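Welcome! Let us take a short tour of this protein, stopping at a strand, two kinds of helix contact and a loop.

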Amino acid sequence: GDLESAQVGALQAILIATGHYSGSVDGMFSAEVEAALIALQEDLGVPATGVVDAATLRALEDALVAAGQDPEMPTIPETPVTTAPDAATTTTAAVTTTTIATTTTVPEAGNVIDVLAEAGQFEQFLAAVDAAGLTDTLSGPGPFTVFAPTDEAFAAATLPADPEALAQVVQYHIVEGELSGFDVQGVETLMSLQGSEITVGVEQGLILLDGVSTVTIANIDAGNGVAHAVNAVLLPPS
């Protein structure tokens, strides 16, 4: 159940970006990488476990957002906790000051509709949201998690012409609550606004919905939730 080399490489790249690691991105989870991870965890104020856990991922994501950096982080599943790091590893950790959480104010993002409109590749989905009468809902306080098919995904889909049936399809892409990509990876099903459950899987490090649609861009943050771009339209069970 260890991290794959590509995922370790992604972790090494993050540790380099935060100034905790100066080695090479070779995909090897060495003692140096573990020590750098522990140092990062200490700076983030989360338990210094030496493993990639939910608390570390969330704190790092928040710190990147606070610093005005792109929070679209590589997909790194949590590493299972096997043994606690010994005292020697902890004391020799290279403690460097992190530069990521430098700003205190996070610019207020628009609502999910605004953010998707600004992204420019979800016009057909937004038109379907509007046709389904859900624009006001998604402009409201929420929070919502929206799996937004790209225009390319819409072009490849066969959609019902009936407005009520179309509304069901749109609702099937919306979940109540704000779930980051890391949150989504941690569950097996999600209850949609439509009332049917979306099944969640992880394949080759990517989130797969209903076995047909992959999350291509995770964590498009909005003021009333979060959106994730998907490459295929999801259809609720008939």
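Two strands count as paired if DSSP finds at least two bridges between them. Keep in mind that the model is a predicted one.

**A strand and its partners**

With that in hand, we can start at strand S7, residues 225-230. Two pairings of S7 are set side by side here.

| Partner of S7 | Sense | Bridges | Residues opposite each other |
|---|---|---|---|
| S1 (residues 144-149) | parallel | 6 bridges | proline 149 and valine 230 |
| S6 | antiparallel | 5 bridges | isoleucine 220 and alanine 227 |

S6 and S7 also make a hairpin, with 2 residues between them.

Why is S7 described as largely enclosed by the rest of the structure? Because 6 of its 6 residues are buried, where buried means under 20% relative accessible area. In a regular strand the side chains alternate between the two faces of the sheet. Both faces of S7 are covered: Gly225, Ala227 and Ala229 are buried on one side, and Val226, His228 and Val230 are buried on the other.

**A helix with two sides**

Next comes helix H6, residues 123-131, whose buried residues are Phe125, Leu126, Ala128 and Val129. Viewed down the axis of H6, these buried residues fall within an arc of 160°, so they line one face of the helix. The face turned away from them carries the exposed residues Glu123, Asp130 and Ala131. What do the buried residues of H6 pack against? Their partners are helices H5 (112-119), H7 (135-139), H8 (151-155) and H9 (163-171), along with strand S1. Just after H6, glycine 133 takes a positive phi of about 75°.

**Two helices that cross**

Further towards the start of the numbering, have a look at helix H2 (residues 31-44) and helix H3 (residues 54-66). Their axes come within 10 Å and cross at roughly 65°, and the crossing is left-handed. On the H2 side, Leu37, Leu40, Gln41 and Leu44 meet Thr56, Ala59, Leu60 and Ala63 of H3. Sorted by class, this contact has 6 nonpolar, 2 polar and no charged residues.

**A residue in a loop**

Our last stop is aspartate 210, found in the loop between strand S5 (206-209) and strand S6 (213-222). Aspartate 210 is partly exposed, with a relative accessible area of 24%. Leaving aside neighbours within four places in sequence, aspartate 210 is in contact with Tyr172, Glu197, Ile198, Thr199, Leu234 and Leu235. Aspartate 210 and threonine 199 are 11 residues apart in sequence, while their C-alpha atoms are 4.8 Å apart in space.

Definitions and conventions: Residues numbered from 1 in each chain as written. Predicted model: local features only at pLDDT ≥ 70, side-chain atom pairs only at ≥ 80, totals over all residues. Heavy atoms only, no water. Axes fitted to C-alpha atoms, helices over the stretch in contact; angles between N-to-C directions. Helix = DSSP H or I, 4+ residues; strand = E, 2+ residues; numbered from the N terminus. Left-handed = near helix turned anticlockwise from the far one by under 90°. Contact = heavy atoms within 4.5 Å. Nonpolar A, V, L, I, M, F, W, Y, C, P; charged D, E, K, R; others polar. Buried < 20%, exposed > 50% of the residue type's maximum accessible area, 1.4 Å probe, protein only. Arc of directions from axis to C-beta.
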